[in-house]
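Biologist: Could you take me through this structure with care, starting from a single residue and moving on to its wider packing?

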Amino acid sequence: MFTSINPATGEEGAQFEALDDDGIETALARAEAAYRSWRVSELAQRTTLLNAIADQFEANKQHLAETATREMGKTLASAVAEVEKCIAGFRYYAVQGPAHLEPVETKTASGRAVAHWLPLGPVLAVMPWNFPYWQAVRWLAPMILAGNVGLLKHASLTQGCAALIQQMVSAAGAPDGVFQNLAIKSDKVSRIIADPRVAAVTLTGSEGAGAKIAEAAGKALKKVVLELGGSDPFVVMPSADLDLAVKTAVKARVQNAGQSCICAKRMIVHADIYDAFLEKFIAGMLAVKIGDPMADGIEMGPLSSVEQRDTVLEQLERATADGATLVGGEKIEREGAWMSAGVLTDVHPEADFAQEEIFGPVAMVFKADDIDAAIALANDVPFGLGSSVWTTDQAEIDRFVRDIESGMTAVNQLLASTPEAPFGGVKRSGHGRELGPWGLHEFMNLKAAMLPD
């Protein structure tokens, strides 16, 4: 049994029955049967379904958003924005996606080869609670277009959101089995990956979860895409618009209560502007408006759970014990998973906690003497998901894009995912890409047809 708990109040909400082994077997058989027909469906049928799902998300936007806020604590405004991004994602693949499936022909020594993008089979997605709709949709939309069928194992915290995704897809007229929400515990995942009816798996989550999924997929010799943690650098150079950089840094650190893989987590500031940046940044972080996530004007709600909040507080205890200075970042004494935004300075880059991802609203701030030092600090963690750089010097921009070890770099703007651009990381942030044509092609069979002239 899964029970939703409102992290703003600690109150229990809806309960969801966990799927047993017989239920899993039924789901796998349904997926296999659905794939046999969906893989040869007309492209127009798939794009029509994508648009119909988008229509369902649009019609139910407020209910979807309120459910996410109740289940994991994000502000209602950000939950609405997340649903709107999902709508855009479905529309993108409905409109732009077919062009990404066009065959590509090339000449060969003996004739010609035509490369075809063909579906792969049922795909399992293991998804997290922090963006309960968008994380699933950026897998689901291209999967439907590809002619695959999907099995979703969502996080225990957001089973209500998972059930709503199933409702939206079913209400849109999806054939039986094309998408199934599996309300299962994590200990059932390896069995599903090993099942020969499942073609591939994708996971967004922690390093530990990624390693387990990769091991299971490796044993079964199956394709896997992993989007794991991040400790994204936010680099500010002297030519930057300082006020805009500070404003964006605050937003980047406290959006979703700091619970985003691509939240800026390490502020790396050139020595010439370090003091000015730090003063403004601390003031901005301490001024973040915290409160009822359903209310208007609130910038940050609770963390997703008391356990997650306490994990962050434990990291901060280790940081201060190791000599770091903490401003803010305190437990708020009220029912629920509340804490304030905070800033850590005097952080030794090699400290254990500095090499970890702080999945909460606390930023580390570092000083860099020049661009080489800034890049070295940016790369001095095991992660490589996103990065944000602030400079008007084109030579510096070129260096950062080339030399920061990450899957994405935002220049003078907040880093955010978008349906059109590849999303993913390097190093311990995972491998493979989501979104755009790249995410569509990850779970497809690129088949070469060798033909005579």
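Biologist: In which helix does Asp403 lie?
Modeller: This is a predicted model, in which local features need pLDDT of at least 70, side-chain atom pairs count only at pLDDT 80 or more, and totals for chains, interfaces and linings use all residues. Residues are numbered from 1 along each chain as its sequence is written, and side-chain values use heavy atoms, with hydrogens and water left out. Taking helices as DSSP runs of H or I with at least four residues, numbered from the N terminus, Asp403 belongs to the one spanning residues 394-403, namely α13.

Biologist: Why is Asp403 classed as partly exposed?
Modeller: With a 1.4 Å probe and protein chains only, buried means under 20% relative accessible area and exposed over 50%, with partly exposed in between. Asp403 is therefore partly exposed, because its relative accessible area is 21%.

Biologist: Which residues does Asp403 touch, not counting those up to four places away in sequence?
Modeller: The side chain of Asp403 makes a polar contact (here a donor and an acceptor among N or O atoms within 3.5 Å, both in side chains if the residues are adjacent in sequence) with the side chain of Arg402, at 2.8 Å. Ala378, 25 residues apart from Asp403 in sequence, is 9.5 Å away, C-alpha to C-alpha. With contact meaning heavy atoms within 4.5 Å, the residues that Asp403 touches beyond four places are Ile375 and Asn379.

Biologist: With which residues is Ile213 in contact, leaving aside neighbours within four places in sequence?
Modeller: Counted in that way, the partners of Ile213 include Val126, Val189 and Ile193. The others are Val201, Leu203, Val224 and Leu226.

Methods:
Helix = DSSP H or I, 4+ residues; strand = E, 2+ residues; numbered from the N terminus.
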